[in-house]
Structures are given as C-alpha cells and as structure tokens.
Amino acid sequence: MLIKNTANGFTHSVSSEITPQRVYEGRRDMVKLMATGVAGAALASWAGREALAQGSGKLAPLVGGKSAVAGANVMEKPTAYKDASSYNNFYEFGTDKADPAQNAHTLKTTPWTVEVEGLVKKPAKYTLEDLLKLAPMEERIYRLRCVEGWSMVIPWVGYSLSSLIKLVEPTSSAKYVEFVTLADPKTMPFVGSRVLQWPYVEGLRMDEAMHPLALLTFGMYGEVLPNQNGAPVRMVLPWKYGFKSGKSIVKIRFTDKQPATAWNKAAANEYGFFSNVNPDVDHPRWSQATERRIGEDGLFAKKRKTLVFNGYEAQVGQLYAGMDLKKNF
C-alpha cells in the first residue's frame, strides 16, 4: 500500500510485512529527505509510524543520526524488537529471561538524575533532560554478546560517553570510571535478593571509557529504552560481554582505583574485570568459542563462531596491546 502526505507530496511504499530492515530503509529515506529540507512536516507522523513498526507503539520516538565512528554500524540482520525487548538479563527484576519484561513496569524513570562525582574538576548532577541535550544522538547498530553464549544485533541510540567525560574534566589522578545502577526495592522487586550485592556496579579503565564506541545510551530501535533494557540511560560496550554495560545508571564516579564490580565480586574466577569477548578464554563452566544468535539460531542448529572482541578488534585491540588476555580476562 502507499502512504501519502499531501502537505509535501511525500509518498512511501509500505509492505504489509514490516521487518526491522524495512524500518531502517525507511529511516534512511527520511534522513535523505530531511537533508533536502522537504521532510519537516512529515517527521512527527513518520516517527509515529516507525514506533508502531517496532512492535511497541507505546514508547516515545528517539531517532539518531548516522554515526561516523568506525565500527558503529555492523552490516548484519538486526534482531527483532520483540526478542531484544523480551529476552533480557536485568536481575533487579528477576533471574529468568522473561522476568524483566514482565516486572520492569514498576520502574519509575521520571524524574531521573545521574550524579557525576569523584576525581573530576566539574562534578555535577544531571537530569535526564540535560543528558539528552548534551550531544547529538546517533544510531549505532552493535553486536551484543552475552557471557552465557547467546548474541543479538541491536540498533541503539545515544552518543559516545567521551562527550560527557570531556565536559566534567577528569583530573590526572582518574584512572577508572564506575557506573552505579539504581537499587530501589520499592520499584525493583529483586533488589535485596542474594544473587548479587546491590547496587549493581560496573567499571571501565579510563581509556576504555573514552573510546568512541563506548555508548551512553538512551534508546533502541528508534524509541526510548524500554524499562527492561535499562531505561532511561545505560551503557553499551559492544566489544565486552553484555553484563559490563550497566543499566538504569544513577551515578558515574571517577576514581584512581579499579572498581569492585558486581559480577567480579560474586565470582571473580568466572567474571573478570575486563570481560572482553574472547573465544579463546572459556567460562569455567562452558566454552566461549561459539554463540547462538537469538531469533535466528535454533537450540539444535549449528552455532556461529565467536569473534575476538565481538568483531571489534580493529577498533579496540590497541587498548589491550601487550596485555595477557587470558590473565586479564
């Protein structure tokens, strides 16, 4: 069928079968039109159609521009929104993959603030609105590799964390960045369980945090983040196992000491501080040489090979030059 906006003559052909790829093609068409100045009047209606196409229809649109960062857009089939938003690890809402989607509706994301503190010249408390305006939004299509041996391909929306880091001006003593997740037992029913020590804490070395692929993330699939995916703001680090990307962040702290991170405290022999994707370093209880792509690879299908640094070796390999990656896992 054809959808036509009579205000500007914009006509778009829409298949009865809406797929993530068709949505991206449509978004690219819109970006081209915006560049020529003819799409202003159509933007709101297009954003609404796009949100519906993602299978949500309830979340506010958040569209990012094309990124010039090397490695920012993998040329692989994106995981279906329904899979990426319903198969999640977010232990504050339960330990089963379906629990976050079922339970995270209790999370209150407005108002929201993120406090930046520690070894910085300009400590501050930012509202979500402040962060949304801090730098231009970009869409980054990243691979996601879970330490459990499954993977996805997700289009995220955000900007490089380095934009915020430069603004707060870390001192020369700052060697690490720590990310603290909200821990509110009133809105996060599994906070207080014995699975982990709360709040959930993750951390990066400063050079990792400054890498342009380290994404401060506010949306996915052209919409704001669903609660179960770490709303309203999270990190995404595509070359590391997924648990390194802290969700629902309320504090960012700069320190001279390596942060004591949640999974490393729980089982240091299984979850190292760096946790870079590495097919040659197995988890003590399973191999990391292969992975299963959610929504594509069945339980009994041949698994695909895991890539060093999740396929981002050309971009991030130099960060670990000279390091023993089996010791510093």
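Here is a short chat about some backbone features and one exposed residue in a predicted model.

User: Ground rules before I dig in?
Analyst: This is a predicted model, so local features need pLDDT of at least 70 and side-chain atom pairs count only at pLDDT 80 or more, while totals for chains, interfaces and linings use all residues. Residues are numbered from 1 along each chain as its sequence is written, and side-chain values use heavy atoms, with hydrogens and water left out.

User: Ok, which peptide bond before Pro 111 is cis?
Analyst: The one joining Thr 110 and Pro 111, with omega about -5°. Pro 111 sits in the loop between α4 (99-103) and β4 (113-118); helices (H or I, at least four residues) and strands (E, at least two) are DSSP runs, numbered from the N terminus.

User: And what about the bond from Ala 231 to Pro 232?
Analyst: That bond is cis, with omega near -5°. Pro 232 is in the loop between β11 (223-224) and β12 (234-236).

User: Switching to phi: what is it for Ser 248?
Analyst: Near 40°, a positive value in a residue other than glycine. Most residues other than glycine have a negative phi.

User: Is Ser 248 buried or exposed?
Analyst: Ser 248 counts as buried because its relative accessibility is 0% (buried means under 20% relative accessible area, exposed over 50%, partly exposed in between, with a 1.4 Å probe and protein chains only).

User: Now Lys 326: what does it touch, leaving aside neighbours within four places in sequence?
Analyst: Lys 326 is in contact (heavy atoms within 4.5 Å) with Asp 280 and Val 281. The C-alpha atoms of Lys 326 and Val 281 are 6.2 Å apart. Lys 326 counts as exposed, at 60% relative accessibility.
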